[in-house]
Amino acid sequence: MKSMLKVRDWSGQARRALSPTEVVTRLGTLDDWKLTGDGPDVAIERTCTFANYHETMAFVNAVAFIAHTQDHHPDLSVHYNRCVVRFSTHDVQGLSSTDFDCAARVDALLAE
């Protein structure tokens, strides 16, 4: 848990769109994430299911904390017993390493 909360300074790293091969390779390292959209609307997405609204909102707040510390904010679709998390990097009009790093942090939340 300690490494998950560590702030990553993305400002010193040049972000770039990953190649299709890099995307497929990195997607294979994540649990239950899928590729959605295409072109500048491409993203990685995961639907997380919970027992009730309280658990869903606790998860959403934890994702918000991760997003804040990493300065990389996903699109969230919040429902009674599920949340859809969608990462993309708008400034590269595609997927970057940042998306996959943050997705791994979300996976770590769910592993707790």
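# Salt bridges, sheet and surface of the chain

Colleague: By about how much of a helical turn are D101 and R105 separated in helix α4?
Modeller: D101 and R105 both belong to helix α4, and because they are four residues apart there, the separation between them comes to about one helical turn. The model is a predicted one, and in it these two residues form a salt bridge whose closest N and O atoms are 2.7 Å apart. Both D101 and R105 are buried. The separation asked for is thus about one helical turn.

Colleague: Which residues are joined into one network by salt bridges that share partners?
Modeller: The bridge between D101 and R105 is a pair within helix α4. Where salt bridges share partners, the residues joined into one network are D32, R46 and D107.

Colleague: Which residue forms a salt bridge with D91?
Modeller: A search of the whole structure finds six salt bridges, and in the one formed by D91 the closest N and O atoms are 3.6 Å apart, with R15 as the other residue. This pair links distant parts of the chain, since D91 lies in the loop between β4 and α4, whereas its partner lies in the loop between α1 (2-5) and α2 (20-27), 76 residues apart. D91 is exposed at a relative accessible area of 57%, while its partner is partly exposed at 30%. The residue asked for is R15.

Colleague: Is E45, which meets R86 in a salt bridge, buried or exposed?
Modeller: The side chains of E45 and R86 meet at 3.6 Å, N to O, and the pair links strand β2 with strand β4 across 41 residues of sequence. R86, at 24% relative accessibility, counts as partly exposed. E45 has a relative accessible area of 15%, which lies under the 20% cut-off, so E45 is buried.

Colleague: Which strands stand at the edges of the sheet?
Modeller: The sheet is open and has four strands in the order β1-β2-β4-β3, with antiparallel pairing. Each edge strand has a single partner strand, so one side of each is left without a neighbour in the sheet. From one strand to the next, the twist averages 30°. The edge strands are β1 (34-36) and β3 (75-78).

Colleague: What is the bridge partner of V78 in β4?
Modeller: A hairpin of three residues joins β3 to β4, and these two strands pair in the antiparallel sense over four bridges. Within β4 (residues 82-87), S77 has V84 as its bridge partner. For V78, which lies in strand β3, the bridge partner is C83.

Colleague: What is the area of the nonpolar surface patch that includes V78?
Modeller: V78 counts as partly exposed at 36% relative accessibility, which is over the 30% that a residue needs to be part of a patch. The patch is made by Y53, L76, V78 and Y80, and its area is about 380 Å².

Colleague: At about what angle does helix α4 run to β2?
Modeller: Helix α4 covers residues 97-111 and lies across two strands, β2 (43-49) and β4. Relative to β2, helix α4 runs at about 10°.

Colleague: How far apart in space are A62 and L109, C-alpha to C-alpha?
Modeller: A62 is placed in helix α3 (residues 53-70) and, at 23% relative accessibility, counts as partly exposed. In sequence, A62 and L109 are 47 residues apart, but in space their C-alpha to C-alpha distance is 7.8 Å.

Colleague: In what order do the elements of the chain run from the N terminus on?
Modeller: The chain contains four helices and four strands. Starting at the N terminus, the order is α-α-β-β-α-β-β-α.

Colleague: What percentage of the contacts with a separation of 6 or more is accounted for by residues 24 or more positions apart?
Modeller: Across the chain of 112 residues, 40% count as buried, and the accessible surface comes to about 6,500 Å², with 52% of that belonging to carbon and sulfur atoms. Among the contacts with a separation of 6 or more, the part from residues 24 or more positions apart is 66%.

Note on methods:
Residues numbered from 1 in each chain as written. Predicted model: local features only at pLDDT ≥ 70, side-chain atom pairs only at ≥ 80, totals over all residues. Heavy atoms only, no water. Pairing = 2+ DSSP bridges. Axes fitted to C-alpha atoms, helices over the stretch in contact; angles between N-to-C directions. Contact = heavy atoms within 4.5 Å. Patch = residues over 30% accessible without salt bridge, like charges linked within 9 Å, V, L, I, M, F, W, Y side chains within 5 Å. Areas by Shrake-Rupley, 256 points an atom, 1.4 Å probe, with all protein chains shown as cover. Salt bridge = Lys/Arg side-chain N within 4 Å of Asp/Glu carboxyl O. Buried < 20%, exposed > 50% of the residue type's maximum accessible area, 1.4 Å probe, protein only.
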